Amino acid sequence: MIRPTRFGVAFLGLILLTLIGCVNYGLSLGYGLTFLLGGVWVMTASLATRAARTVQVTLIAPSQATAGQNATFTLSAQNSGPDALLGVAVESNQGQTRWDVMRVPAGQGGTLALPLAARVRGPLQLTQVRVYALDGLGLWRAMLPSAAVLAPDVVGVTVFPAPERPAPPAPERTAPGTAEGQGRTKGDEEFAGLRPFASGDSPRQVSWRHYARTGTLLTRETDSALGTARLLDWADTAAAGDTELRLSRLAAWVQELRQLGAPFALHLPEKTVPVGQGEGHIRTALTALALHAPLPAPASTRKAVAVVLDTGAMRFTLLALAFTLLPSALRQPAWLSVLIALLLGHSVARTLRPLGSLPIWLLGLTVGLAGVMLNSEYGTLLGRDAGTALLALLLSLKAAESRSKRDGHLLVALGLFMTSTHFFHSQGPIAALHTLLSAAVLLGAAARWAAPGQEAEAPARTLRRVAGLLALSVPVALLLFVLFPRPDRPLWQLPLGGQATTGLASEIRAGEYGALAQSSAVAFRADFQGEVPPPEQRYWRGPVYELFDGESWQQVRLNGRSPSIEPGGPTWTYTLTLEPSDTPWLLALDVPSSVPQGAFTTTAFQAVSMRISASRRRVALQSQSARLGRVEDEGRLRYDLSLPTGQNPRALALAQSWMGLPPGERVRSALNYLGSGGFTYTLSPPRLPVQGRIDAFLFGTKQGFCEHYASAFAVLMRAAGVPARIVGGYLGGEQNPDGGYLIVRQQDAHAWTEVWLAGQGWVRVDPTAVIAPARINAGLQTALTTPDSTAAPAPSLLQRLRLRVDAVQTRWNDLVVAYDGQQQQQLLERVGLGGVGSAPYLLLMPALLLLTLLPAFFLLRQRAAPPDPAARALHDLSLRLKLPLLPGETASAYAERARAQYPTLGPALEDVVRAYHAARYAPHHPDSLKTLQSALRNIRP
Amino acid sequence: MTVAENLKPPSAQTHVAALKATLAQLDSVILGKPTQIRLALTCLLAHGHLLIEDQPGVGKTTLAQALARTCGLHFRRVQFTADLLPADLTGVSVWDAGASSFRFHEGPVFSEILLADEINRATPRTQGALLEAMEEKQVSEGGVTRPLPNPFFVIATQNPAAFVGTSPLPEAQLDRFLMTVTLGYPDPRAERQLLESGGRSQSVRELHAILDAATLLSMQREVGEIHAAAPLLDYLQLLAKATREHPALQAGLSPRGLLALLSAARAWAYLHGRPMVLPEDVQAVFVALCSHRLPLRDPSQKVGAVLGRILTETAIP
């Protein structure tokens, strides 16, 4: 019978809690952690079950016990399997319960002393004995089958009364009938009688006279006088007090006479112990005293047992927690990190020397103050960042006031929960590794709590065992990770809290793109099916800005006819992996021809998704070059000619001068003007005034970047009567040679213009290309240093390394982090399973689950392999022959048994046994092991 | 050619052959008792004394005599009775009028193999004298200490303790014996052979010596050099631990008992021509060595069965 311990139930609760969290926040790696813990939960159950099958215990009562002292019962355990942990619960009839844990090493035995308080005289019995096999982590306990617990029905001992101390000497009273030498004992002094002859009697003892007379052989018996025996009388103890004190005094006298080695008799009101001496007699006398009626009732005072903190386990737990909390230190405010470090440090110090624990009021005060400070820092206590920071604080406060095993378990569970919260911030490979390690050390801490101090093992051994356990849990975790249904939408929406992301804004203000250009954060990655478009075509279309108020460009929603699209040219099929942003924009290659479900294309040809994604998302897109809006809404065209009145007179005047030219020539003139006007490309242009910005730029500073040029050009065009608008987005992207995909960073943000020419529709014009062609062909960095370069320089070693790391990360993101319901559906369809709810899925899932548990099952069935190479070789042979070695079986006996089963192997087995003996038991010889191995190779069953 | 045989010095090779011949001769006289014969010889090789616990008439004396003759040792037999005095055993000084001095008449204990029949019939005093001689290998009489011959090997027999009129040996003295052997009834085939040959005393008297005292002494020396590897010592310790923790046993094997177990296992290995001790050597002598040393909690159980269970349950490391 197996059931989870209280910690086990809490652990299950933790698993469910993290699972709900993962569903709600779509944390793919969180699922992984949850399933790994779930695997551990299942594996430990099988460990406990197995341990219950391999352990046999025997309960031994102490030979004697005295009231007021401990009676030490002994539990002796034999273990034929790997290391096992036993929990023993006993209850005595004197009202004491005890819970102890012992470790029984693999293939060996062990004993556990169970000192039970013998409070009063009389029988002390174990009324209840339960022996459980525990798994290493203390999550489960499996009751040992009753056949494995060897104990008499009632294990008990008679508790002798405690001798009075100091006691008056025993009275000089002789036992009646012993004073004059009337008592006899075996001896050789005087004739005592005749008995029938027994073979072996000395002929000297035979009564020949009797034989002569009757013909029967009789042997003479002799004896000698018994010395004067003392009498211990109940009546003499009247002065002592009540019954118990009188019995104590008698017990003290018995002990006194035992020292003297004198014979005595004991007279109690209802029982008389005749004269005798020796240990057996003393036992009889003390037993009579112990069982003298009425038996006292054990005092029912339930003494509070002082809880001793297992300092080793506590220290281990604290270090594991510190490791778990490490990444939070990078995110939370520094004062909080210091506070947490101080609290944990104090707790560690508490395990090293007897320090008082911090007073509760101080802890409470800390919580209050820190809560207020956190609230002012984050504006809330419930958001993601504030919440995790608060949790970290509470965890360290709990550690500061922990004093019991239950606290330790709580710390472990909270620590595991804390581990899963790190996925809010990062789901990269390093975060995953950290989580795995944290889980391992926290489970190690649980293992430390499961076995008390004296039964603890070396930390390295604990960690090795936990690592093994995790490894066993990996298959089931992997399976669940892939096949466990992934809901696409949260169970309920929870606030995530503000997360500052860099990226394109819904309006263009001065310097917006300059700030973006400083950031090398990844905006998105694009993985193309087939060829990657050349650099000059890598325009990633974002928001389209059409409203200009003199200071900023903004998006507008214009109702009207949808513009026409006439596709022509190559089609690009690709997948975008968008980093989290606050916008619904899908940065499609100019221009999107097909968008996934849940997205649409605006009338300004921008791909937009229905919802804002706070997490990384993948979308499949198609783009194709096309003639855009040859048929365009008149209202929009009119709108795209509007300019704020009364501003930038010089620019307007310049544009008016081109009015005579056809529209295409006007565009060329404006570009010529920019190209030959002494303009320079820089990311740190001088500040422009709020009023007349375009004039100030065109005729004053003449320094700027894409945003400035696009803005000035659009204004010039509008003034010259050509409808124009600004398109924001990204330009370029770094091709990763390792992954074959493009990385587009925030620094690739770009703004260009589109002008509408009759008969051609919207035509892309990038004025920046005139100033710094390198920006289009090579990228921002090249454009800043050598604006006229036409290709990017070869990447440096460092860059290449960075690209390689990025490739790994991208694969990780694609395979692990971005794995969601959609991908799951695709995968299931590809292997032909239909969907999550389909019949084949429902049939296959349990079968696969059983399959993943199978290796663990076989591994657990095996006995621990011996460490000695020769012994291991024999062990391996026994596995190969499918004939297990018995515990007390010698190699020769085993070979004999194996030969009975495989008669053809006889001579080969003989060789093996000889080589085994030489390798194992003969004086060391360097070749002996090789001989054994070659002998083993000859065995082919 | 095995590694094992390479390791043997040349003298050991001849000794092995001699031992084989010895065993063959003994087997031909005492029928159907190969194990007991080997245990007895092991005991002799390991400097120990043998206690045979059995009923009269199963061949105790024959075994002792055959052993003595085959080993070429001087043999005497003493029937222990209740009135046997220590001096009857060790010898007595008598006044020699001619030399006008005391002359020591050596008792039966001055022999190389002594068969002490029914040792539990004698008084504890006489038992004590014998056991002292066994332990010290010398006899003190009249202020003079006389060494006993070397080799000195005592085979004591005792009736099962339940018989009336016996003084059972105390545990401390039982410890002086290396092994206890029960002969038991011969199996039907051996018994039939016995009947057909018409008694065996004749053939015992016709036995010729194969070994001699000097050879035996050098063999005893060689026994001490038999290799006991670390895993074997581990096994011995595990066995000792198992006896100490076994619920059916009052006490476990003492360190002296453990040493005895090792030397007996060495002798057994030597007897079987092995240069190293194997776990099966330990197992072979374990029951014979422990059965009189380990008292049971519950006398109704059989000590042999308990020890057998320990052997099958204790893992060989």
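This dialogue goes through the chain contact, one helix and several salt bridges of a predicted model.

Visitor: Where should I start with the contact between chain B and chain A, and how many residues does each chain give?

Guide: Start with the residue counts: chain B contributes 29 residues and chain A contributes 27 residues. Then take the area. About 2400 Å² is buried between chain B and chain A, with 62% of it on carbon and sulfur atoms.

Visitor: Which helices of chain B supply at least two residues each to the side that touches chain A?

Guide: They are helix H11 (230–245), helix H13 (279–290) and helix H14 (303–313) of chain B. H11(B) gives the largest share of that side, four residues. By residue class, the side of chain B that touches chain A splits into 17 nonpolar, six polar and six charged.

Visitor: How many salt bridges and polar contacts are there between chain B and chain A?

Guide: The salt bridge count between chain B and chain A is zero. For polar contact, the count is three residue pairs, both residues at pLDDT 80 or more.

Visitor: What is the general idea behind a salt bridge, and how many are counted over all chains?

Guide: Side chains of opposite charge can pair when their charged atoms come close. Over all chains the count is 30 salt bridges.

Visitor: What does Arg461(A) pair with, and where do the partners lie?

Guide: Arg461(A) pairs with Asp83(A), and their closest N and O atoms are 2.8 Å apart. This pair links distant parts of the chain, 378 residues apart: Arg461(A) belongs to helix H12 (residues 459–483) of chain A, and Asp83(A) to the loop between strand E4 (70–79) and strand E5 (84–92) of chain A. Arg461(A) has a relative accessible area of 36%, so it is partly exposed. Asp83(A), with 26%, is partly exposed.

Visitor: Are the side chains of Glu164(A) and Arg249(A), which meet in a salt bridge, buried or exposed, or in between?

Guide: The cut-off for buried is under 20% relative accessible area. Arg249(A) is at 12% and therefore counts as buried, whereas Glu164(A) is at 24% and counts as partly exposed. Their N to O distance is 2.7 Å. Glu164(A) sits in the loop between strand E11 (155–160) and strand E12 (184–196) of chain A, and Arg249(A) in helix H4 (residues 243–260) of chain A, 85 residues apart.

Visitor: What is the N to O distance between Glu566(A) and Arg630(A)?

Guide: The closest N and O atoms of that salt bridge are 2.9 Å apart. Glu566(A) is in strand E22 (residues 565–578) of chain A, and Arg630(A) is in the loop between strand E27 (617–628) and helix H14 (634–639) of chain A, 64 residues apart. Glu566(A) is partly exposed at 27% relative accessibility, and Arg630(A) is partly exposed at 38%.

Visitor: Which residues are linked in a network of salt bridges?

Guide: The network links Arg541(A), Glu546(A), Asp590(A), Arg636(A), Arg725(A), Glu754(A) and Arg764(A).

Visitor: How should I read a helix, and which residues of H22(A) are buried?

Guide: An α-helix has 3.6 residues a turn, so residues three or four places apart point the same way. In H22(A), the buried residues are Leu803(A), Asp806(A), Ala807(A), Thr810(A), Asn813(A), Asp814(A), Val816(A) and Val817(A). Helix H22 (residues 797–817) of chain A has 21 residues and spans 28 Å from first C-alpha to last, close to the 30 Å expected at 1.5 Å a residue.

Methods: Residues numbered from 1 in each chain as written. Chains lettered and ligands numbered in written order. Predicted model: local features only at pLDDT ≥ 70, side-chain atom pairs only at ≥ 80, totals over all residues. Heavy atoms only, no water. Contact = heavy atoms within 4.5 Å. Buried area = accessible area lost by both parts, 1.4 Å probe. Salt bridge = Lys/Arg side-chain N within 4 Å of Asp/Glu carboxyl O. Polar contact = N/O pair within 3.5 Å; in protein donor to acceptor, adjacent residues only side chain to side chain. Nonpolar A, V, L, I, M, F, W, Y, C, P; charged D, E, K, R; others polar. Expected span 1.5 Å × (residues − 1). Buried < 20%, exposed > 50% of the residue type's maximum accessible area, 1.4 Å probe, protein only.
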